[in-house]
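Open the model in your viewer and keep the sequence panel beside it. The stops below say what to select and what to look for at each one.

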Amino acid sequence: MKFSPLFWPVELRGNTIYILDETLLPHKLTYVKAKTYPQAVKAIKEMKTRAFGQVSLVFYTFLLVLKQNKNKKNILPVLKKTAAALNSARPTLPFKFLTDMVLDWQAQGQDLEKTMFGFLEMLKAKRIQRAEEVSRIIQNKDVILTHCNVSGELPLIAEFCRKAGKHIEFYVTETRPYMQGSRLTAWELHLAGFPVTIMTDGMVASIMSSGKITKVIVGADQLAQNGDVANKIGTYQIALVAKHFKVPFYVLCPPPSKAKSGKDITVEIRPEKELLEYQGLRLAPYGVKGFYPAFDITPNNLITKHFHLGIAR
């Protein structure tokens, strides 16, 4: 199968982590280098990578720390310090589940490097398996609406559809204010050779009312135990519109977190500058305030089906 660069955007080479800089796409395909765990945490906070890229970066950060600390007998304090830094990076994507796994593996006396590389390979296989599973519910000539970006899985789903002889196309919201839809999703789908149309976030109801959209597929940064999900701001209103027009709404999500419902999920409030400016260009009058919650909560009753990775917490 062909993979989008966003499917696996982080790798460790020697003593350096190479992180695909998603903030520069689609104009530049370049990588940020992280040689210390604080640099890796900084890349997460600055959204150099996001979604699955951040998940994989957690493990590559620990692997980097292991390489830099040859004295494995005294490694635990360093691992705990690294875990604390990663856990504080972003509140809505719960890294603590991942960092606790690593610390548990250490406590059990496992070979950390071997275990983490094995876990990453398992994640890759699970993502491919999920993409194939999702492709089975897609029909020939489906028109799929998506919001934000699912780290390379949509082109993979579309590739499975193409191999099955299904012709599909995509409508992609711009996904303001970070423009992940127009910069990332539209780019990777077009790169893979699939028809894709960009629209503004405010066009969803109008286009769905025309009957053009047959399915909605989005990702999720957190899944509550009751089925509520946190995803990029704007997802909730798309789910409401989809319900109104009886369009199936599917979510590609991680395993359930400790949150019992969406009310227990902390929504990250990003710096207002990210809303008021874009790539150095001021979009709003000076003196006005900006409010940018990066996520919203979509209730379980609006979701047709969750597609999990099949990994227990």
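What follows is a walk through a predicted model, taken sheet by sheet and then through some helices, single residues and cores.

**Stop 1: the parallel sheet**

Select β6, β5, β4, β7, β10 and β16. In that order these six strands make an open sheet with parallel pairing. Its edge strands are β6 (196-199) and β16 (305-307), each of which pairs on one side only. From one strand to the next, the twist averages 25°.

Strands of a sheet pair through backbone hydrogen bonds, either parallel or antiparallel. To look at one pair here, keep β4 and β5 on screen: they are joined in the parallel sense over four bridges. Label Leu145 and then Tyr171, its bridge partner in β5. Is β5 enclosed or open to the outside? Four of its five residues are buried, so β5 is largely enclosed by the rest of the structure.

Now go to the β16 edge. Strand β10 (residues 249-252) pairs with β16 in the parallel sense, over three bridges. Leu252 is the residue to label, with Phe307 of β16 opposite.

Next add helix α7, residues 180-191. This helix lies across β4 (143-146), β5 (169-173) and β6, and runs at about 165° to β5.

**Stop 2: Lys215**

Stay with the parallel sheet and select Lys215, which belongs to strand β7 (residues 215-219). Is Lys215 buried or exposed? Its relative accessible area is 7%, under the 20% cut-off, so Lys215 counts as buried.

Show the side chain of Asp142 as well: a polar contact of 2.7 Å joins it to the side chain of Lys215. Beyond four places in sequence, Lys215 also touches other residues, among them Ile137, Ile138, Val143, Leu145, Val247 and Tyr250. For a distance check, pick the C-alpha atoms of Lys215 and Ile303; they are 12 Å apart, although the two positions lie 88 residues apart in chain numbering.

**Stop 3: the antiparallel sheet**

Select β8, β9 and β15. These three strands form an open sheet in that order, with antiparallel pairing. Strands β8 (222-223) and β15 (295-298) are at the edges; each has a single partner strand, so one side of each has no neighbour in the sheet.

Strand β9 (residues 229-232) pairs with β15 in the antiparallel sense over four bridges. Label Lys232 in this view, then its bridge partner in β15, Phe295. Add helix α9 (residues 235-244): it lies across β9 and β15, at about 30° to β15.

**Stop 4: Ser261**

Select Ser261, in the loop between β10 and β11 (269-270). Its relative accessible area is 17%, and Ser261 is buried. Apart from neighbours within four places in sequence, Ser261 is in contact with Ala224, Asn226 and Asp228.

**Stop 5: helix α5**

Select residues 112-135, which make up helix α5. How far apart are its end C-alpha atoms? They are 35 Å apart; at 1.5 Å a residue, the 24 residues should span 34 Å, which agrees.

At the N-terminal end, show Asp111. This residue caps α5, with a side-chain oxygen 3.3 Å from the backbone nitrogen of Glu113. Then colour the buried residues of the helix, including Leu112, Met116, Phe119, Leu120, Leu123, Arg127 and Arg130. An α-helix has 3.6 residues a turn, so residues three or four places apart point the same way.

**Stop 6: Ser56 in helix α2**

Keep Leu120 on screen and select Ser56, which is found in helix α2 (residues 52-68). At 1% relative accessibility, Ser56 counts as buried. Leaving out residues up to four places away in sequence, Ser56 touches Val10 and Leu120.

**Stop 7: the nonpolar cores**

In soluble globular proteins, nonpolar side chains tend to be buried together. The largest nonpolar core in this model has 63 residues, and Ile17, Phe59, Met116 and Phe170 have the most contacts inside it. Helix α2 contributes the largest share of this core, 11 residues.

Select Ile17 and show what surrounds it. Not counting residues up to four places away in sequence, its contacts include Val10, Leu12, Val32, Ala34, Leu57, Tyr60 and Leu64.

To finish, move to a second, separate core of 23 residues, which includes Met199, Ile213, Val229 and Val247.

Key:
Residues numbered from 1 in each chain as written. Predicted model: local features only at pLDDT ≥ 70, side-chain atom pairs only at ≥ 80, totals over all residues. Heavy atoms only, no water. Helix = DSSP H or I, 4+ residues; strand = E, 2+ residues; numbered from the N terminus. Buried < 20%, exposed > 50% of the residue type's maximum accessible area, 1.4 Å probe, protein only. Contact = heavy atoms within 4.5 Å. Pairing = 2+ DSSP bridges. Axes fitted to C-alpha atoms, helices over the stretch in contact; angles between N-to-C directions. Expected span 1.5 Å × (residues − 1). Polar contact = N/O pair within 3.5 Å; in protein donor to acceptor, adjacent residues only side chain to side chain. Core = buried A, V, L, I, M, F, W, Y, C linked by side-chain atoms within 4.5 Å.
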